[in-house]
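Work through the exercises below with the sequence and the 3D structure open. Each task is followed by a solution in steps.

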Amino acid sequence: MPANRRRYAVGLMSGTSVDGIDAAVVEIAGEGDRPSVRLLAFENSAYPESVRNEIFELFDPRLATIDRVGRMNVRLGELYADAALSVIAKAGLDSKEIAVVGSHGQTIYHAPEAYPENGRDLRYTVQIGEGSVIAARTGIPCVSDFRAADMAAGGQGAPLVPFTEWLLYREDERTLLLQNIGGIGNMTVLPAGCLPDEVFAFDTGPGNMIIDGVVSRLYGGGRKMDAGGQIARSGTVDEELLRLLQQEEYYELPLPKSTGRERFGAAYVDRLLAYREQHGLRSKDVVATVTKLTAWSIGDAYRRFVQPRHAADALIVGGGGSYNPTLVAFLKQEMEPMGVQVLLQEDIGLNSDAKEAVAFALLADYALAGLPNNLPSVTGARRAAVLGKISY
């Protein structure tokens, strides 16, 4: 178990929305399954526009040539190291005081479904942002590439944050749902008084990914998102389009499951905008409809996979989507008639932006101590495993 001492860790997170690098410095104390974590500093560093544009190109396997992926792997390592050093300075600390950096990296491809070959089931994933570069530039051990060990044990390699949510959020009397709305939405279910093998979690479907994709294509001018949900609020949900989008097969897939840009990325947006052209829909109505879709997918996931087993008391929302009041309003319309209170991370005194970066700091702390840091009940892995590759 991690020693019962105070130590500092840095967590770095870059999600499927490719907004930039979230960096957090935390103080960790305690041991075993009841650590305490205190956020000391948080920063978000936007990717340079040229880097962001190239990352989006690398999502296309046809363009993700070995030389381009290799170069971006090192380039992101440099940017992540800069982000780590910056947030350490913001916390008023020196890099020598930091025990570990945990870096999720930038996912460019994730294939969790087993690919059978010669009697073996092959699963693979690609996150870039070289941990060795981060360690060399900061002088701090870096844990990176967390997903691979879980997939090697037969898991989906995602979601990984539920391990830390079980450590930090579980309650004896209430059943809680923790909903992250980043590029992809994911839900963690913490039954009242649960043990680790009673936790389950999964990707609910698109979070901000389709909203951002539609806005950037329809509105241009450097607009990458529906800031404050203003466009969706001015539009009207097209019920016919919504019903069509609800037929996506992912929603019915059994647990465990995870998804990403491979399913809900550029090709999906292309098909959606072709439908818009054919039916003459207004841009703002398309944005309103896909915003409603994200909220519906969360409600549908709860009704389909959670409610029959555990009636929840509250859903706590984090991630970029929590700053979209229109999306949150749609989500309340979905959840509150079922008796589930919808809260934001800020409503319980925490930080929506920092949540996942904090999680990877804690995951790295466990990895450095050689302790399992996955939940097989969540990922489908055959066993608990120590996730992450350590660079010194």
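Two strands count as paired if DSSP finds at least two bridges between them. Helices (H or I, at least four residues) and strands (E, at least two) are DSSP runs, numbered from the N terminus. The model is predicted: local features need pLDDT of at least 70, side-chain atom pairs count only at pLDDT 80 or more, and totals for chains, interfaces and linings use all residues. Residues are numbered from 1 along each chain as its sequence is written, and side-chain values use heavy atoms, with hydrogens and water left out.

**Exercise 1. The sheet with β12**

Task: Find the bridge partner of A314 in β12, then place β12 in its sheet.

Solution. Step 1: A314 has Q341 as its bridge partner in β12. Step 2: β11 (residues 314–318) and β12 pair in the parallel sense, over 4 bridges. Step 3: the open sheet has 5 strands in the order β10-β9-β8-β11-β12, and its pairing is mixed. Step 4: β10 (200–206) and β12 (341–344) each have a single partner strand, so one side of each is left without a neighbour in the sheet. Step 5: on average, neighbouring strands here are turned by 25° against each other, direction ignored. Axes are lines fitted to C-alpha atoms, for helices over the stretch in contact, and angles run from 0 to 180 degrees between N-to-C directions.

**Exercise 2. Helices on this sheet**

Task: Determine which strands α5 lies across, and describe how α11 packs against α12.

Solution. Step 1: α5 lies across β8 (176–181), β9 (184–190) and β10, running at about 45° to β9. Step 2: helix α11 (residues 283–306) and helix α12 (residues 325–335) pack at an angle of about 35°, and their axes are 9 Å apart. Step 3: the crossing of α11 and α12 is right-handed (near helix turned clockwise from the far one by less than a right angle; anticlockwise would be left-handed). Step 4: residues in contact (heavy atoms within 4.5 Å) include W296 and Y302 in α11, which are among those that meet a set in α12 including F330 and L331.

**Exercise 3. The sheet with β1**

Task: Give the strand order of the sheet of 6 strands, and name its edge strands.

Solution. Step 1: the order is β3-β2-β1-β4-β7-β13, in an open sheet with mixed pairing. Step 2: β3 (36–46) and β13 (389–391) are the edge strands, each pairing on one side only. Step 3: β1 (residues 7–13) pairs with β4 (residues 98–103) in the parallel sense over 5 bridges. Step 4: G11 has G102 as its bridge partner in β4. Step 5: helix α13 (residues 355–368) packs on this sheet, touching β1, β2 (20–29), β3, β4, β7 (142–144) and β13, and its direction makes about 125° with that of β1.

**Exercise 4. α5 against α13**

Task: How do the axes of α5 and α13 cross?

Solution. Step 1: the axes of helix α5 (residues 162–169) and α13 come within 9 Å and cross at roughly 95°. Step 2: the two helices, α5 and α13, are therefore roughly perpendicular to each other (65 to 115 degrees; under 35 is roughly parallel, over 145 roughly antiparallel, the rest oblique). Step 3: the contact includes F163 and L167 of α5, and L362 and Y366 of α13.

**Exercise 5. Q156**

Task: Is Q156 buried or exposed?

Solution. Step 1: Q156 is in the loop between α4 (147–152) and α5. Step 2: at 9% relative accessibility, Q156 counts as buried (under 20% relative accessible area; exposed is over 50%, partly exposed in between; 1.4 Å probe, protein chains only). Step 3: not counting residues up to four places away in sequence, Q156 touches residues including H110, R123, D150 and T379.
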